[in-house]
Amino acid sequence: MKKYILKRVLISLATLFVILLVLFILMDLMPGTPFNDEKLTEAQKTLLFAKYGLDKPVLVRFFLYAKNMLKGDLGVSYAINKNFAVSEMVKDRLGISIAVGAMAMIIGTICGLLLGILAALNHNTWIDNLCSAISVIGVSIPSYVFALLLCYYVAYRLGLLPILYNVEQPFISLILPSIALSVSPTANIARFTRSEMIDVLNSDYILLAESKGIKNWKLIISHVLRNTLIPVITVMGPILVNLLTGSSVIEKIFGIPGIGKLMITAIQENDYNVTIACAFVYSVLYIIVMLFVDILYGIIDPRIRIAKEGN
Amino acid sequence: MKKLLVVLLALLMLVGCGQGGKSDDGETVVIYQNENVRKAIAYAIDREALAKSLNDGSVGAEGIIPFKLASNPETGKDFREDQGSVVAYDVDAAKGYYETALEELNKKSLKIDLLYGTNEGDSVIKAAEQIAYYLEEVGFEVNLVAKQKKERLSLLTDGDYEVCLTRWGPDYADPQTYMDLFVSTNVSNNSGRYNSAEYDKLIADALKTTDMKERWQKFLEAEKVLVEKDNAIVPVFQAGGAMIIRPGVGGIEFHSAAVDNYRHVFGKDTLTLITNTDILNLDNQVATDGTSFIAQTMFMGGLTELDESGNPVLDLAESYDVNEDGTVYTFKIRDDANWYNNKGELVAPITAYDFEYSWNRLISDELASEYNWWLDTMSVDSWKAIDDKTFEVTLSTPSGIFLGCLAFPSVFPINQEFAEAQGNQYATSAETVLNCGPFILDSWTPDYSYEFVKNPNYYFADDYTKAGGANKVVFRVLADTQTALMEYEADKIDTVILAGEQVDANKNVDGYVDRLQGYLFYLSLNINHYE
Amino acid sequence: MTNFDHEFHNDDFKFAHSADEKLVDKNYSATSYAKDVWNNFKKNKGALIGAIIILIIVLMAIIGPNMNSFTYKQIHSGQECLVPRIPGLEKLGIADGYHNGTNQYLEKGAEDVYYWFGSDTQGRDIWTRVWSGTRVSLIIALAAVLIDIIIGMVYGLISGFFGGMVDNVMQRFAEILNGIPTLVIVTLLGMVLPAGIVSIIFALMLTGWIGMERIARAQVLKVKEQEFVLASRTLGASKLRIIFSEILPNILGQVIVTSMFSIPNAIFLEAYLSFLGLGVPAPMASLGSLVSDGYKSMTTFPHILIIPVIVMAILMLCFNLFADGLRDAFDPKMLNK
């Protein structure tokens, strides 16, 4: 197992290195520069390029950046908050995005599992159809439409919750954005849980357990649920990272100073260092989550554990 | 990996580009040098209807100089009132010009690539779609080329476009800010490469003369040559902006050709205002955007500030002398003008050396400020601090805009000792910048809010309090206009910026304000473009 | 020895499920795989309805934009933001052009104009725009998924079949590409590439094929050790032949099902790009761009948003139902349970 984890970590590091290179090349291919502005003359542009070292070839910049990155220096912003250290900008915003993402994930997991289990236990009945319809609608309507509906009815009409994010009451003011963001994970998890659980319910070992006379609720908890949850965990990783990357729209609506909005602004402003840093942070998160899920999966599922140790 | 990507991308771009830029025959045709093509475009657009449908207080342009930018030095009349309209909307005429142009160019049809920016506001996208529609009504075949702002501007400066919907924001209240753009020697801004000896001479004469009346006349004539006679550019609309300000709240002074002034806001003890973009930088010589400039005008100040009607009045300067030919200004800085830190503690008095340092810094290559040409615009030749409180500025020629331009944040003073002690950290947070304005920057949480508190030690603090000024002003950053309006209606914020249909729906609401911004949107025709 | 005092009764033993259920020997006639799938699919009513609605929407996407006199980019100054008005229905009080108690059409001097779905903020007919938008969205989604299938399947087949070093290298490559979050890469590509349908398809495709590749590879690994492949191999069939004529048909079902699930995904990603202003170039419309445009006037003129949202939701719902049904049909294990 240790050898396996080590191997996975090494591959992840190599992957991250390549991702960084790809991001640099993409930045280089991006049309326009951070210094395209009506008010700038050619002479000023040359000056700015020299000042920020953008006149050097892309590979030189890449290795310089990679070297500085090991020291925790992610360069400075060219456009959004000019001359500000990118590491600070990202650090300030990452926490809150993770908070919203985590809250949405918790809500999504609970609701999704409940819907999925309910649907599977009542397979081919109206309850199943209703749960399926709810989850499909969840993935069919963009989250910003939900967000605005929530704002209008829950916050504006009924006045139950604040609309805008407020640093003084972070929890209360993050409830609405988390709910809006949780719609799609709820739906995804519900659908996946349903199909996995139906599979498990129809499997031979459940039939065996049933015929051994194990009580219904006990059967579901100790046999069906356990075997359903293992594959569900694998889809939760990517869903979590998608939540973090996809939150830019929600952040805009609720005025949350998060990293998703930062990245979108950075991309539109050609702010290379900020874009690379945000995209790279997402990639790191993604790879860590996937690594974690992979290892966790190995621990929970004995079949996989044994297979991997055999390797 | 890299190679694969590059090859794939190159292939794709080939496919993308293959569709545009083809000509009927192999011949080189310089379309926009044809006068009738330009006239057809100019006459095709119904500017009134277009501006109205933008639904944000925009108005149709009557020329390249916007409304309420500059007034006649003698009569005080607006430039547009003096000039009248130099553009016209006439579909039949446009169709006629189009037919003539086809004959002259020996073509069956004309195709226009219309370049515009996708992230420069909804009104730009709407306007581009409408312009395309009007041009197609006349007979043109229009291909809309949507680009992100940075790319659009790079195509524009490289001259790699046909027709581009672009804009200019005036830096000061004088026709010169627009007229300068189209002289043949301005390689950075005259991207259409308009080259007219007549126009160049008029502008050169206008800038040379010290007779303000003659200068005004030259500008009037120049606009006629540029727009009415040559149709070198096609003015389309002047941007508007609609907002609601809570009844009872006031003191927000809008300047279409300069930085809006929020120094005199009143009506509540704590005011919460909405801004749709965040401060870009607290450093007054690094910032390039209106939001930052507004903030800097609140916690900092210059030798002058602008009053409600946009005229310069003294701020940090107590008095000034000017020599006979109007080229040497000697400013006396107030004795009670001081630097305060974030906690409101006095740090140092403001001296002439702070100005000297700041202006030297502005033009230094090290800082590479995007506004390093500002002093040139003001015709400033040299400057020096005579003593602690005396600052002398020498101009190359007398300038009517000099005093007004001193109210611009790029030329605000900076305390050398403090700035150098902070090093790289200077102006990165409320703690690392000094205050010398009526407000103290209390805090700044990027992307969230920035808050000002009244400076009780400011020299006009008593007048301000008497006028009922706010003790605390909070700017909340919120880009979404729908949630902003809900917040306003729930009484959580005191101003709200309206967009699109919200404007129509709220026209009769108490506190509705629509204002004209200085931005003028026009079509830049690339005269040198050939197929 | 044992004191066995239990008496047997008739109802001691019951059928596990239902007493009425009788075990009857079935006589299975030989049917083709495709026919099996069709028969299975027919039984699933939801999937059948889904398929029919998809067909209707596709039909509307083809003929809808030409059903009235408007074009998708025709601007009518002075007729902005009109609510739906349909001849016939208006007499019943539905879709009669009334907004806040006044007939907008009379107010704006357009008495004999009928916008069936209303008009948008620039006075363009929403009916025409919705259906031509549906067309664009479907084209983007179908093209992206089709390319995904081809690339992903070939890649997965080769990787899985040859194994060893080839597999290792190919899998590492896919892993790296997969390491970049989808939304990040799609957004960046949207910026780098020139605006247009081709670019969007390319951006969607670049991240979509990996999922397809994984499934193809997993299926190959499952199938390739089975007897019929071995038989083919011993008979001297070439590797290409084995891949394409022995293995491919066996994994096709799974791949088709996955692609049906990817279509709604692609439509959704396109909508996300539209919201960031990286969608189809104006004045062209897609469902995504219509929804993000409508969002801006949601609180004032909700019909501009609601109509494309409904079409989009129905389309995605039906694709999901259809894909579900297809999966069950391809997988006989899921049936009769």
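**Cores, contacts and helices in a three-chain model**

Trainee: Leaving aside its neighbours within four places in sequence, which residues is B:Leu114 in contact with?
Mentor: Two residues are in contact if their C-beta atoms, placed from the backbone, lie within 7 Å. With neighbours within four places left out, the contacts of B:Leu114 are B:Ala128, B:Ile131, B:Ala132, B:Val142, B:Asn143, B:Leu144, B:Val145, B:Val163 and B:Leu165.

Trainee: What is this model, and how are its residues, chains and ligands labelled?
Mentor: This is a predicted model, in which local features need pLDDT of at least 70 and side-chain atom pairs count only at pLDDT 80 or more, while totals for chains, interfaces and linings use all residues. Residues are numbered from 1 along each chain as its sequence is written, with chains lettered from A and ligands numbered from 1 in the order in which they are written.

Trainee: Which helix gives the most to the largest nonpolar core?
Mentor: A nonpolar core is a set of buried Ala, Val, Leu, Ile, Met, Phe, Trp, Tyr and Cys residues joined through C-beta atoms within 7 Å. Buried means 20 or more other C-beta atoms within 10 Å of the residue's own, exposed 12 or fewer, and partly exposed in between, with C-beta atoms placed from the backbone. The largest such core has 340 residues, and A:Cys278, B:Leu114 and B:Val236 have the most contacts inside it. Helices (H or I, at least four residues) and strands (E, at least two) are DSSP runs numbered from the N terminus, and with 16 residues the top contributor is chain C's helix α11 (residues 303–330).

Trainee: How far apart are the C-alpha centres of the two domains of chain B?
Mentor: The bounds come from an automatic or database domain assignment. For chain B it gives domain 1 (19–240 + 520–525) and domain 2 (247–493). Their contact takes 10 residues from domain 1 of chain B and 10 residues from domain 2 of chain B. Between the C-alpha centres of these domains the distance is 34 Å.

Trainee: Is chain B as compact as a globular protein of its length, or less so, and what is its radius of gyration?
Mentor: Chain B has 18 helices and 19 strands. The radius of gyration is taken over C-alpha atoms, and the globule rule is 2.2 Å times the number of residues to the power 0.38. For 531 residues the rule gives 24 Å, and chain B comes close to this, so it is as compact as a globular protein of that length, with a radius of gyration of 25 Å.

Trainee: What percentage of the residues of chain B count as buried?
Mentor: The C-alpha trace of chain B spans about 75 × 60 × 60 Å along its principal axes. Of its 531 residues, the buried share is 51%.

Trainee: Which element gives the largest share of the side of chain A that touches chain B?
Mentor: This contact takes 40 residues from chain A and 37 residues from chain B. Elements of chain A that give two or more residues include α1 (2–29), α2 (42–51) and α4 (86–121). The largest share, 5 residues, comes from α2(A).

Trainee: Over what arc do the buried residues of α2(A) lie?
Mentor: The buried residues in α2(A) are A:Gln44, A:Lys45, A:Leu47 and A:Leu48. The arc is that of the directions from the helix axis to the C-beta atoms. These residues are on the same side of α2(A), because their arc is only 160 degrees.

Trainee: Which residues on the other side of α2(A) are exposed?
Mentor: Just after this helix, A:Gly53 has a positive phi of about 70 degrees. On the other side of α2(A), the exposed residues are A:Glu42 and A:Ala43.

Trainee: How many residues of α12(A) are buried?
Mentor: Among them are A:Ile259, A:Leu262 and A:Gln268. Their cover includes α4, α10 (216–245), α11 and α13 (272–300) of chain A, together with α6 (182–192) of chain C. The helix is largely enclosed by the rest of the structure, because its buried residues number 10 of the 10.

Trainee: Which element gives the most to the side of chain B that touches chain C?
Mentor: Here 27 residues of chain B are in contact with 26 residues of chain C. With 8 residues, the element of chain B that gives the most is α6(B).

Trainee: Is B:Asn106 buried or exposed?
Mentor: B:Asn106 sits in the loop between α5 (91–105) and β2 (111–117) of chain B. Its phi is positive, near 60 degrees, although it is not glycine. With 10 other C-beta atoms within 10 Å, B:Asn106 is exposed.
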